[in-house]
Amino acid sequence: MYIFLLSNLEFSLPLKNPVMIFSLVLFIILFAPILFNKIKVPHIIGLIIAGVIVGPYGLNLLTRDSSIVLFGTVGLLYIMFLAGLEIDMTEFMKNRKKIVVFGLITFLLPLCVGSLASYYVLGYGLLSSVLLASMFSTHTLISYPIASRYGVAKNLAVTIAIGGTMITDILALLILAAVAGVTKGDVSSSFWIQLGGSCIVFVCVVFFVFPPIIRWFFKRFEDSISQYIFVLAIVFLSSFLAEAAGIEAIIGAFFSGLVLNQFVPRSSPLMNRIDFVGNALFIPFFLIGVGMLVDVTVLYRGTGALKVAGVIVLVAVCTKYFAAWISQKLFKLSATEGKMLFGLSTSHAAATLAIILVGYNIIIGETADGEPIRLLNEDVLNGTILLILISCAISSFVVEKASQMLALEEENMTDKELDPHQKILISMAYPETVKDLVDLGLILKPRKSTIPVYALHIVSDENSSDSVQVAGKKMMGTAIRHASASENTLIPLTRFDVNVSNAITYTIKEHGITDVLIGLHKNSTQLQFFGPVAGNILQRTNETVYIYRPLQPINTLKRIIAVVPAKAELEPGFMHWIEKLYTIAREAALPLVFYANQTSIDTLKDVDQPGKISVNKTFQLFENWDDFLILSRELKQNDLFLIISSRKGHVSYVKQLDKLPYYLHQYFSNYSLIMLFPKQLELGIDREDIDKTDGNLIEALAGRMSTVSKAGSIIRRLIKGK
């Protein structure tokens, strides 16, 4: 029976059965990284080598048919999409001049040297030399997944390399269009006007039409599968529009990543799904497909092919190295960052292959025997395929080593900066706000930090019915699943107590909680805006408390408007809430707008540490809290309104804070809101708390003793206490 069934299967090579093909590819994706990691070879080069082995120039188990091409194309677009999605937009904009400079250096140096080498060493014509040299200039972010896996995708060198990739690819493809047009006689002013116009339309559609559509969708559809499919649809629609505009699809994929950047929080289930599917399936398919292109027989086809291959590999790798070295010196990067820059920019694949294939297919004449004379001959094609293998191998090894070193440096820096005693508590009361509270609670914790996050459900004597306990278990299960989907862990706590405020207060004390997140009472009125629970907690604990009213998902917000009362910088919890606010802004990719008096603005600028805190911040003068309603004109629908408040009797308390419940209920009911109560001490500031205060802050405040008399006296007591 089994022999009869087996006889019906097709075992001829290359394999044609789709089930066998897909099974073989999955086993390669599974075992190639495992085997190559044992010999310290990066998994990316392992997948490429596996593609060489099973491909048409190896064992001929698989042919590079339409299915491999399809999945490979998806994988390449996915790499570029992830690069745009994970890039730090604040750093990207701040370093745009460096990106342009690096892009021009890493494009022009290979172009000039490559043109000379092709013309004088290989003896090609002018058009052939320029086209071949443009191939040296471009690069593909083959090794970007390595940097992403080590968590260094936001490093300055990675940001510069990603931006440089866009510049080199665009310029190289423009040269390709010009050379192809010259050979066909199609280049004219109307050609460039049409290309420029179509590119402008494409950019306007992606950056101005897509964002409101994306925000509308994420506001109305919370289903994880629908959101993921929608993201993929946006990526491939953008890629198609790029091709329709006359540029490469990878540019469209990268731009879609930039647009979606602000809508996909780093610590979110959606981001986890995007990473997982891409790295598990699409990107490995692309790498295997790249390996299947490599024809190792070029090594023994004669000295002509070897000479061309040697020149191509030598010029392409060396010019990229010197471009990265020059950029490292210009931008004063570390040696490790210079290696990262070289590693990411030295790999050649997609754009390189596109340029060579176009040049190979352009026929510029015929020999006496009737053979076609190609703009780029077969030796160049084979040499380019060899370049893909060698450059990807070099890139993988260099980026792997540089990523390890950068990750170690960042880990050591993070361990020194973060308070090891921080703990976050999320108090859950209403099922409809559980996911929003969990999202904000996880964002309060910087990525890669080990700060524990607790989820608390309370069963009190006031309401201990079976239905309440069942609802509580459902909320806890929802919270844990939601956190797990983003690869975060919630520590569940269930507490039985006389009342809710008692339970939260004693949980804070027992577990050493530093940050308490509470949802705003769903039946809040102007008289009972915070509700009795929040009011009691604020009276009985001095830790940082966040009272959150989410009216829309945090990933659909556009910016944070933060209002700071006078003398907030004198509170012992000042540096802590600043750190948390910057963390929210950075993780949610939201710009910050501070409204404060001049003294507080100066202090906020002083305690900012350039190079360590990558947040887009602006400052607006706000002196008189009697004019609080003016802020209603500044707020927009998609803003997060964050108010730094104070408990009564403390240094930053102002009487106008008593009116906030009325104002917020009457005039700000349509905005997502956070009321932040910083850490404050019962009897003012003591020496133990000053020991935890940032020294830079004390120096900044001490410098203003002459202008703020009361602040000066407090600072003098602080300094004497130390």
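# Close-up views of a predicted model

**View 1. Strand β9 and its neighbour β10.** Five bridges tie β9 to strand β10 (residues 617–621), and the two run parallel. One pair to look for is L592 with its bridge partner in β10, K617. This is a predicted model, so please read every view here in that light. Strand β9 itself spans residues 592–596 and is mostly covered, with five of its five residues buried. Its side chains split two ways: L592, F594 and A596 point one way, V593 and Y595 the other way, and all are buried. That fits a familiar pattern: in a regular strand, side chains alternate between the two faces of the sheet.

**View 2. From β8 over α22 to β9.** Strand β8 (residues 559–563) pairs with β9 in the parallel sense, over four bridges. Here I561 stands opposite V593 in β9. To get from β8 to β9, the chain passes through helix α22 (residues 574–587), and this β-α-β crossover is right-handed. Between α22 and β9 there is a loop, and A589 lies in it. The backbone of A589 is worth a second look, as its phi is near 55°, a positive value in a residue other than glycine. For context, most residues other than glycine have a negative phi. With a relative accessibility of 25%, A589 counts as partly exposed.

**View 3. The ten-stranded sheet.** Zooming out a little, ten strands form an open sheet with mixed pairing, in the order β5-β4-β3-β6-β7-β12-β11-β8-β9-β10. Which strands stand at the edges? They are β5 (490–497) and β10, each with a single partner strand, so one side of each is left without a neighbour in the sheet. On average, neighbouring strands of this sheet are turned by 20° against each other, direction ignored. Elsewhere in the order, strand β3 (residues 424–427) and strand β4 (residues 453–460) run parallel and are joined by four bridges. Within that pair, L425 stands opposite Y454 in β4.

**View 4. F668 and its surroundings.** F668 sits in the loop between α25 (660–667) and β12 (672–677). Is this loop residue buried or exposed? At 1% relative accessibility, F668 counts as buried, because the cut-off for that label is under 20%. Leaving out residues up to four places away in sequence, F668 touches R549, F628, L629, L631, S632, L635, F641 and Y663. One of these, L629, is 39 residues from F668 along the chain, and their C-alpha atoms are separated by 9.1 Å.

**View 5. Two nonpolar cores.** The largest nonpolar core has 136 residues, and those with the most contacts inside it are L132, Y144, I214, L260, I274 and M340. Helix α9 (residues 156–184) supplies the largest share of this core, with 14 residues. Taking Y144 as a starting point, and not counting residues up to four places away in sequence, the contacts are I79, L82, A83, E86, A153, V158, I162 and L344. Another core, of 49 residues, lies apart from the largest one and has V434, L490, Y548 and A562 among its members.

**View 6. Helix α15 and the loop before it.** Helix α15 covers residues 335–346, and at 1.5 Å a residue its twelve residues should span 16 Å; the end C-alpha atoms are 16 Å apart, which agrees. Ten of the twelve residues are buried, so α15 is largely enclosed by the rest of the structure. The buried residues include M340, L341, F342 and L344, along with E337. K332 lies in the loop between α14 (303–331) and α15. Although K332 is not a glycine, its phi is positive, at about 55°. Its relative accessibility of 77% means that K332 counts as exposed.

**View 7. Helix α6 from end to end.** Helix α6 runs over residues 96–121, 26 residues that should span 38 Å at 1.5 Å a residue; the end C-alpha atoms are 37 Å apart, which agrees. Its buried residues include I99, F102, G103, T106, F107 and P110, as well as L111, G114 and S118. An α-helix has 3.6 residues a turn, so residues three or four places apart point the same way. Just after α6, G123 takes a positive phi of about 75°.

Notes
Residues are numbered from 1 along each chain as its sequence is written. This is a predicted model: local features need pLDDT of at least 70, side-chain atom pairs count only at pLDDT 80 or more; totals for chains, interfaces and linings use all residues. Side-chain values use heavy atoms; hydrogens and water are left out. Buried means under 20% relative accessible area, exposed over 50%, partly exposed in between (1.4 Å probe, protein chains only). Two strands pair if DSSP finds at least two bridges between them. A crossover is right-handed if, with the strands pointing away from the viewer, the path from the first strand over the helix to the second runs clockwise. Axes are lines fitted to C-alpha atoms, for helices over the stretch in contact, and angles run from 0 to 180 degrees between N-to-C directions. The expected span of a helix is 1.5 Å times one less than its number of residues. Contact means heavy atoms within 4.5 Å. A nonpolar core is a set of buried Ala, Val, Leu, Ile, Met, Phe, Trp, Tyr and Cys residues joined through side-chain atoms within 4.5 Å.
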